[in-house]
Amino acid sequence: MFSGKSIPYKFIFIALLFLIADFVVENINHRFHLYDFMVYYKAADAIAAGKQVYGVLFALGSGYFKYSPFTALLFYLATILPYYAACVIQFTLTSFTTIFICIFLLEILSVYFFEQPVTSPNLILGLALVSISTHLVRELGLGNVNVILLSLLCLALFCVLRRKFTLAGVFLGLVIITKPFLIFILLPLAMRRYFKTIFVTGIVLLICFALPAFFVGINGNVEMHRQWLNAIMLHAEAFMNSNTLDGLIRDISPINLPDTFQYGILLFMLIIYILFIRSNILYEQKNEKMKTRGLIMEWFVMLALIPSLFRTDTEHFIMTLPLIMLILIYLFSNKNVWLTIFFIIASLLYVGNISDLVGRKLSNDLFDWGVLGISNIVLLALSLYCYYKENRNLLPFVDKAT
């Protein structure tokens, strides 16, 4: 990590001011409810008491518990505290995790991806934080766990890079039991034959599936997991999202596409993703440096693809943070004017849907038009451009003259 002389104190100070200000404003406006956290909190209390967990409205909005029984148990200790105190701890944990993940991502990319030293780290970190600010404020206001999961995913990647495969598997198991669609992050590990990490991930998942039986018995545990799967399916069916690739295509399609179309999109994108991994593996055989860089890019691309492939809440778009950080580092090193302009436009679309700023009607229209989903795809494409340009001396098909 950072040495004592290079710790980005300016960024930490500014980030803390931003997070404290958000906490104060939310409390002053009496909006410090953390409804998603309320669902975790009440579900944990319910499962410990042997009460119904699934199909019960725990909070306003989509306040049904749709996560695994094990995930509910993770929040059991929080139920010892009064709800407001637990909310403060959740907000604080998410805030410090946000600062950590920004610095940690900068370190991973500077050490394992870019050849040149990172310039202006405090400014890069500050811009990265601004780039996700809208999604971060929503994450904090709801008390969700996406930032924490992103941190675990990046820690898992770091462990793989450092050949700590067992610990990587533990992190991945905890992530996947919470958000099962993140299981696709195992694809690059499988294709690169990191089978030890996959095996440990499987063991952790089995343990997570079994543990709730100590509270509800074996039959009760089986029934709860059946209800969990039903809750996942119901949420996906009811949660139409114009920001997914499926939603974007449906909006412009002149015909009424069947429900199964979303699975065709998923399959198509996974094939493209697998071919991307395969091409990286082939070029790694000619240059060892590409092995680490390829894995990092594959990892971050999948994280950014997740909210574009699955119908879920917009806070999940915060998973694009690693690619935003990658683009920022590249821009500060290469001073590409046109790429900078494209990035600014994409970032404004990605983060600019603030109802207090643009008005609720326009905000709803921007959501329905899929502006967030489009900007996410553009950011992903820009990151791939940066990836190939940064490695133009290592890849035979990239123009080395530019």
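Is threonine 320 buried or exposed? Threonine 320 is buried, with a relative accessible area of 0%. Keep in mind that we're looking at a predicted model here. The protein has 19 helices and 2 strands. Its radius of gyration is 21 Å, close to the 21 Å the globule rule gives for 402 residues, so the protein is as compact as a globular protein of that length.

**Overall build**

- Along its principal axes, the C-alpha trace spans about 65 × 60 × 50 Å.
- Just over the halfway mark, 51% of the 402 residues count as buried.
- Take the contacts with a separation of 6 or more: 77% of them come from residues 24 or more positions apart.

**The loop between α14 and α15**

- Threonine 320 sits in the loop between α14 (289-309) and α15 (321-334).
- Setting aside neighbours within four places in sequence, threonine 320 is in contact with Ala304, Tyr350, Asn376 and Leu379.
- Glutamate 315 is in the loop between α14 and α15 too.
- Glutamate 315 has 0% relative accessibility, and because anything under 20% is called buried, glutamate 315 gets that label.
- With residues up to four places away left out, glutamate 315 touches Asp36, Arg138, Glu139, Leu142, Asn144 and Asn146.

**The largest pocket**

- If you go hunting for open space, the largest pocket has a volume of about 1,200 Å³.
- Its lining is made up of 33 residues, and Thr134, Val137, Arg138, Asn353 and Ser355 are the ones that lie nearest the centre.
- Two or more lining residues come from each of these elements: α1 (9-28), α6 (133-142), α16 (337-351), α17 (355-358), α18 (360-368) and α19 (371-390).
- The top contributor is α6, which gives 7 residues to the lining.
- Sorted by class, the lining has 15 nonpolar, 11 polar and 7 charged residues.
- Arg138 turns up twice in this briefing: Arg138 is among the lining residues nearest the pocket centre, and Arg138 is also one of the residues that glutamate 315 touches.

**Aromatic rings**

- The count comes to 23 aromatic pairs.
- In one of these, the rings of phenylalanine 23 and phenylalanine 32 have their centres 5.1 Å apart and their planes at 80°; that angle is over 60 degrees, so the pair is edge-to-face.
- Phenylalanine 23 has a relative accessible area of 23%, so it falls in the partly exposed class, between the 20% and 50% cut-offs.
- Phenylalanine 32, at 9% relative accessibility, is under the 20% limit and therefore counts as buried.
- There's also an aromatic cluster formed by Phe37, Tyr40, Tyr41, Tyr54, Phe65, Tyr67, Phe75 and Tyr83.

**Around leucine 57**

- Leucine 57 belongs to strand β1, which covers residues 57-59.
- Not counting residues up to four places away in sequence, leucine 57 touches Gly63 and Tyr64.
- Alanine 43 is 14 residues from leucine 57 in sequence, and the two are 9.9 Å apart in space, C-alpha to C-alpha.

Definitions and conventions: Residues are numbered from 1 along each chain as its sequence is written. This is a predicted model: local features need pLDDT of at least 70, side-chain atom pairs count only at pLDDT 80 or more; totals for chains, interfaces and linings use all residues. Side-chain values use heavy atoms; hydrogens and water are left out. Helices (H or I, at least four residues) and strands (E, at least two) are DSSP runs, numbered from the N terminus. Contact means heavy atoms within 4.5 Å. On a 1 Å grid over the protein atoms alone, a cavity is a set of points where a 1.4 Å probe fits but cannot get out, and a pocket is an open set with protein on both sides within 12 Å along at least five of seven lines; lining residues have an atom within 4 Å of a point. Grid points are joined across faces, edges and corners, and a volume is the space filled by probe spheres set on the points. Ala, Val, Leu, Ile, Met, Phe, Trp, Tyr, Cys and Pro count as nonpolar, Asp, Glu, Lys and Arg as charged, and the others, Gly among them, as polar. Rings of Phe, Tyr and Trp (its six-membered ring) pair if their centres lie within 6.5 Å; planes under 30 degrees apart count as stacked, over 60 as edge-to-face and the rest as tilted. Buried means under 20% relative accessible area, exposed over 50%, partly exposed in between (1.4 Å probe, protein chains only). The radius of gyration is taken over C-alpha atoms; the globule rule is 2.2 Å times the number of residues to the power 0.38.
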